[in-house]
Amino acid sequence: FSTEKIMFKILMNEPQWGYDFLKFLVAQQNEHPWLTQFYAVGADVFVFVYPIFLSFWYIKGIVKKELETKKEALFVFFSCFFTVAFNILIQQFFDKQRPIYEFWIQSIDNETLLHSWLPTTSFPSDHAVVTFSIAIATLLIGIKYHKRSLKIWSVFLFIFAILTGICRIGTTVHWTTDIIAGTIVGLLIPIILVLPVCYSRLEKWIFEPVIRLEERIIWKLFGARKTLG
C-alpha cells in the first residue's frame, strides 16, 4: 500500500473498555446461539429498509398533495446524505483496522454487503451515521412541524439505530468506539441542518427545486394538480 496515503492519517487503537464490550457481545453468541443470526441480520437490514421508508414517505406527500410531507421526507433524506458525506470526509483522516481483520475472523472480500463499495476504514461507522441521522432528523422535523406521529416513529428509529450498532459490534465489523463516533456525527449534522439559517437554504436550494421537478414529471405523466407554485 502507499506510505504517502497513510502519512496523513491518524493511527487509532481501540481502548480497553471498547475491546471488552466487543468481547462481551461476541461471548454472548456462545451462550445464546440465536444471537449469531440476529447479529448478522441486524447489522444491515435496517439500513437497506430506510430507502423504502423514505420513498413511501415522499410518495404519501405526492398522493395526498401535501407539500409539508414532501419537505419532511426530503429533510430526512438530505440530512442522511450530508451526514454520510461528512463522515466519509472524516474517515480520510483516520486509519483503524476493523476487528474482523485484526482477529483474522474473515477476509476483506467477505465483508458485509454495504461495505463492498463504501470506504473500508472502520472509524467512524457509516451504519451508525445513517441510522442515527435518520432517527434524529425524523424527530427534529416532527418537532418543527408539530407532528406527533413523527415523534413516535423517531423512538422506533432510535431503537433500530441502537440495535444496528450493537449488531455491528457483535459481528466484529466495528469496534465500540466506531459506533459511538458514528452516533455523534449522525446526531450532530441534522441538528445543524434544522437550524433556521440552514433549513431555509435547504428549502430554497434543494427541496423546492426537487419538488418542482417531481411535480413537472407528475403533471406531464398524469396531469395532476401541482402543490408548489
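In the predicted model, K65 has a relative accessibility of 36% and is therefore classed as partly exposed, a value between the 20% and 50% cut-offs that bound this class. The residue is situated in the loop that links α4 (45-63) to α5 (67-91). Its backbone is marked by a positive phi near 55 degrees, although K65 is not a glycine.

A positive phi also occurs at T172, likewise a residue other than glycine, where the angle is near 60 degrees. T172 belongs to the loop between α8 (148-170) and α9 (176-193), and its positive phi of about 60 degrees comes just after the end of α8. With a relative accessibility of 5%, T172 counts as buried, because the cut-off for this class is set at under 20%.

The helix that precedes T172, α8, comprises 23 residues. From its first C-alpha to its last, α8 reaches 34 Å, which is close to the 33 Å expected at 1.5 Å a residue. Buried positions in α8 include L150, S154, L157 and A161. Further along the helix, T164, G165, C167, R168, I169 and G170 are also buried. The cover over the buried residues of α8 is provided by several helices, including α2 (16-31), α3 (34-42) and α7 (126-144). Also among the covering elements are α4 and α5, the two helices joined by the loop that holds K65. A further contribution to this cover comes from α9, the helix that follows the loop containing T172.

Methods
Residues are numbered from 1 along each chain as its sequence is written. This is a predicted model: local features need pLDDT of at least 70, side-chain atom pairs count only at pLDDT 80 or more; totals for chains, interfaces and linings use all residues. Side-chain values use heavy atoms; hydrogens and water are left out. Helices (H or I, at least four residues) and strands (E, at least two) are DSSP runs, numbered from the N terminus. Buried means under 20% relative accessible area, exposed over 50%, partly exposed in between (1.4 Å probe, protein chains only). The expected span of a helix is 1.5 Å times one less than its number of residues. Contact means heavy atoms within 4.5 Å.
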